[in-house]
Amino acid sequence: MKKLVAIMTSMLMLIGLAGCGNKQDSSNKLVVGTSADFAPYEFHILEEGKDKIVGFDMALAQAIADKMGKELVIKDMSFESIMIELQNGSIDLAIAGMSPDEKRKKVVDFSKTYYEGSQSVMINVKDKDKYKTYEDLNKKELSIGAQTGSIQADLTQKLTPNAKMVGLAQMPNIIMELKTGKIDAAFVETVIAENYAKAHPEVMILSEVPYEAQGNAVAIKKGNEEMLNTVNEVIDEVLSNGKMAEYIEEAVNLSAYDTAKNK
């Protein structure tokens, strides 16, 4: 009987140790949520026949993981679900070209700004003589595309309130709708719009639009001060040593080539 108890005790100890090992393995990973359809921020490429998510956001994510001594794990999801996943704790950080607007600040914390961009409106090239400014698009018979849950969706409603807003989850779908004439225009961040305009001669940038620049920041679960401080430290480093500029240049060049190759 004593021998049986001893064996059972030993087995329970082994199970407990195994459980601790799994927990340690999990804690040694930095899980970053993104929406990888937003080149050059984050996008898919094929590298040696394998799918890989790259972009300057992902380069920043890797720098943060390296600083923490953790393995980077990227979770690709729809943009509108990122905040929910962050609040639920299924991801540690959200890095997805995200602007820290007041609505988002109520539910998550944001790092320092690591990049500031502008916003533009795109149209089909065949309409270049029809529309001269974004004000020309503010008509009830027109449809304007924007990514669901994005700053661009807010801009669409603010700058062209009379037009019908068409919210789509993926940027490539927005561009396809614009190319085929299913929508009349689309609000897109300028650096993203430039890439698509280069790769798709059927669409063009009409103009930049008024936008109170909030920049892009990393979203972190509310109250995680240690994580916030680490992320801010990395952002300070990559901005001061020029690495962020390198990340952006590399991502822009790669996304222009990859988008053109797969158009």
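**Entry 1: strand β11**

I began with a single bridge: Ile144 has Ala185 of β11 as its bridge partner. The model I am reading is a predicted one. Ile144 belongs to a pairing of β9 with β11, and I looked up its sense. The two strands run parallel and are joined by two bridges.

Next I checked β8 against β11. Here the strands run antiparallel, and five bridges join them. One bridge partner I noted is Val188 of β11, which goes with Ser120.

How many of the five residues of β11 are buried? Five of the five are buried, so β11 is largely enclosed by the rest of the structure. I then sorted the residues by direction. Ala185, Phe187 and Glu189 point one way from β11. Ala186 and Val188 point the other way. I recalled the general rule: side chains in a regular strand alternate between the two faces of the sheet.

**Entry 2: helix α5**

I moved to helix α5, residues 151-159. Its buried residues are Ile151, Gln152, Ala153, Leu155, Thr156 and Leu159. I wrote down a rule for reading such a list. An α-helix has 3.6 residues a turn, so residues three or four places apart point the same way.

What covers the buried residues of α5? The cover includes β11 (185-189), the strand from my first entry. It also includes α4 (102-105), β8 (119-124), β9 (143-147) and β10 (164-168).

**Entry 3: empty space**

I searched for cavities of 30 Å³ or more and found one. Its volume is about 110 Å³. The lining has 17 residues, and the closest to the centre are Gly97, Ser99, Gln152, Glu189 and Asn216. Two of these names were already in my notes: Gln152 is a buried residue of α5, and Glu189 is a buried residue of β11. I sorted the lining by type and got six nonpolar, nine polar and two charged residues.

Then I turned to the second largest pocket, which holds about 220 Å³ of space. Which residues line the second largest pocket? They are Asp101, Ile151, Asp154, Leu155, Lys158, Pro210, Tyr211, Glu212 and Gln214. Ile151 and Leu155 are also on the list of buried residues of α5. By type, this lining divides into four nonpolar, one polar and four charged residues.

**Entry 4: the three-stranded sheet and Ala36**

I looked up an open sheet of three strands. Its order is β2-β3-β4, and the pairing is antiparallel. The edge strands are β2 (37-38) and β4 (50-54), and each pairs on one side only. Two bridges hold the pairing between β2 and β3 (residues 42-47). In one of them, Phe38 has Glu42 of β3 as its bridge partner.

Ala36 sits in the loop between β1 (29-34) and β2. Is Ala36 buried or exposed? Ala36 has a relative accessible area of 9%. Buried means under 20%, so Ala36 is buried.

I listed what Ala36 touches, leaving aside its neighbours within four places in sequence. Its contacts are Glu42, Phe43, His44, Ile53 and Asp76. I checked the pair Ala36 and Ile53: 17 residues apart in sequence, they are 6.8 Å apart in space, C-alpha to C-alpha.

**Entry 5: the whole chain**

Last, I took totals. The chain has nine helices and 13 strands. Of its 263 residues, 46% are buried. The accessible surface is about 13600 Å², and carbon and sulfur atoms account for 53% of that. I also looked at contacts between residues at least 6 apart in sequence: 72% of them join residues at least 24 apart.

Note on methods: Residues are numbered from 1 along each chain as its sequence is written. This is a predicted model: local features need pLDDT of at least 70, side-chain atom pairs count only at pLDDT 80 or more; totals for chains, interfaces and linings use all residues. Side-chain values use heavy atoms; hydrogens and water are left out. Helices (H or I, at least four residues) and strands (E, at least two) are DSSP runs, numbered from the N terminus. Buried means under 20% relative accessible area, exposed over 50%, partly exposed in between (1.4 Å probe, protein chains only). Contact means heavy atoms within 4.5 Å. Accessible areas come from the Shrake-Rupley method with a 1.4 Å probe; for residues, only the protein chains shown count as cover. On a 1 Å grid over the protein atoms alone, a cavity is a set of points where a 1.4 Å probe fits but cannot get out, and a pocket is an open set with protein on both sides within 12 Å along at least five of seven lines; lining residues have an atom within 4 Å of a point. Grid points are joined across faces, edges and corners, and a volume is the space filled by probe spheres set on the points. Ala, Val, Leu, Ile, Met, Phe, Trp, Tyr, Cys and Pro count as nonpolar, Asp, Glu, Lys and Arg as charged, and the others, Gly among them, as polar. Two strands pair if DSSP finds at least two bridges between them.
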